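Hello,

Here is the structure I promised to pass on to you. Please open it first, and then read my notes below alongside it.

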Amino acid sequence: MVNYLIVLFAVTNIFFASAERISIYIRLIAMQGLLLCGIALAGLSEVNLGNLIFIAAETIVFKTVIMPYLLFRLVKTSGVTKVHRLSMPAFYNLLFSIFALLISAMIAKSMLTGFVSSVFMTVALYTLFVGLLLIVTHRLIVSHIIGFMITENAVFLFSVAVGNEMPMLINIGILLDIFAGVLILGFFGLRIRSNTNEITKLKD
C-alpha cells in the first residue's frame with residue numbers, strides 16, 4: 001500500500017514540472033500533504049496516539065489546509081495566475097524532471113541499505129530535485145515558496161524512509177518541517193504588506 005502512495009506522490013512531482021498555473025501548484029501541494037499523511041502512517045510499523053495526532057496535524061492541517069489557503073490568498077492579492085513569462089517553458093522543465101528522476105534512482109540504488117527502501121529514497125531525492133528546480137527556473141515569489149515547500153516534503157520523506165528503524169526521526173523531520181513552514185509564513189506575512197510588484201517578483 002505504501003509503495004502505491006509513494007508512486008502517486010512521484011506523479012504529483014511530474015505535474016509540478018509540467019503545470020503552468022499557480023492554482024495547480026497549490027492544489028498539488030495540498031494533495032502531497034494528504035499523501036504524506038498516508039505514507040507516514042502506512043510506513044511505520046508502530047504508531048501511537050501522540051505520533052498519530054502529531055503527523056495528522058502537520059500534514060493535514062498545516063500542509064493541506066493552512067498553507068494552500070494562505071497561498072490562494074497571495075495569488076488573489078497579487079492577481080498572478082500563471083508562471084512568469086520569462087520562466088523556463090514547461091516542456092524543458094518536464095525533461096529536467098524526468099532526468100532528475102533517473103538520477104535519483106541511480107543515487108538511491110548506490111545508497112541501498114538493509115533497512116531503507118530504495119523506492120522511498122528515490123522519491124525523496126526526486127522530490128528534493130523538483131523543489132530546487134522550481135526555485136531555480138521560476139521568477140515568481142509564489143513559485144519559490146511552493147518550491148521550498150516541496151523541498152520540505154522531501155525532508156519529511158527522508159525521515160519516513162528510516163522511520164521503522166528510528167521512529168524519533170519522524171518527529172524530528174516534522175519539527176524541522178514546521179520550523180521551515182513558520183519561516184515561510186513569516187516571509188509571506190512580510191511580503192503580503194508590500195505592493196503587487198514586490199509580492200509577485202523576487203527581483204526586477
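Helices α5 and α6 cross with a left-handed sense; bear in mind that this, like everything below, comes from a predicted model. You will find α5 at residues 118-137 and α6 at residues 141-161, with axes that come within 8 Å of each other and cross at roughly 165 degrees. Since angles over 145 degrees count as roughly antiparallel, α5 is therefore roughly antiparallel to α6. What kinds of residues make up the contact of α5 with α6? There are 18 nonpolar and seven polar residues, and no charged ones.

Helix α6 also takes part in a salt bridge, through Glu152. Its partner is Lys63, and the two side chains meet at 4.0 Å, N to O. In general, side chains of opposite charge can pair when their charged atoms come close. This pair joins distant parts of the chain, as Lys63 sits in helix α3 and the two residues are 89 apart. The count of salt bridges in the model comes to one.

Helix α3, which spans residues 49-78, is worth a second look for its part in a nonpolar patch. Which residues form that patch on the surface? They are Leu34, Ile60, Val61, Val65 and Ile66, and together they have about 380 Å² of accessible area. Helix α3 gives the most to the patch, with four residues, and Ile60 is placed in this helix.

I hope this helps you find your way around. Do write back with any questions.

Best wishes

Note on methods
Residues are numbered from 1 along each chain as its sequence is written. This is a predicted model: local features need pLDDT of at least 70, side-chain atom pairs count only at pLDDT 80 or more; totals for chains, interfaces and linings use all residues. Side-chain values use heavy atoms; hydrogens and water are left out. Axes are lines fitted to C-alpha atoms, for helices over the stretch in contact, and angles run from 0 to 180 degrees between N-to-C directions. Angles under 35 degrees count as roughly parallel, over 145 as roughly antiparallel, 65 to 115 as roughly perpendicular and the rest as oblique. A crossing is left-handed if the near helix is turned anticlockwise from the far one by less than a right angle, and right-handed if clockwise. Ala, Val, Leu, Ile, Met, Phe, Trp, Tyr, Cys and Pro count as nonpolar, Asp, Glu, Lys and Arg as charged, and the others, Gly among them, as polar. Patches are made of residues with over 30% relative accessible area and no salt bridge: like charges are joined within 9 Å, nonpolar side chains (Val, Leu, Ile, Met, Phe, Trp, Tyr) within 5 Å. Accessible areas come from the Shrake-Rupley method with a 1.4 Å probe; for residues, only the protein chains shown count as cover.
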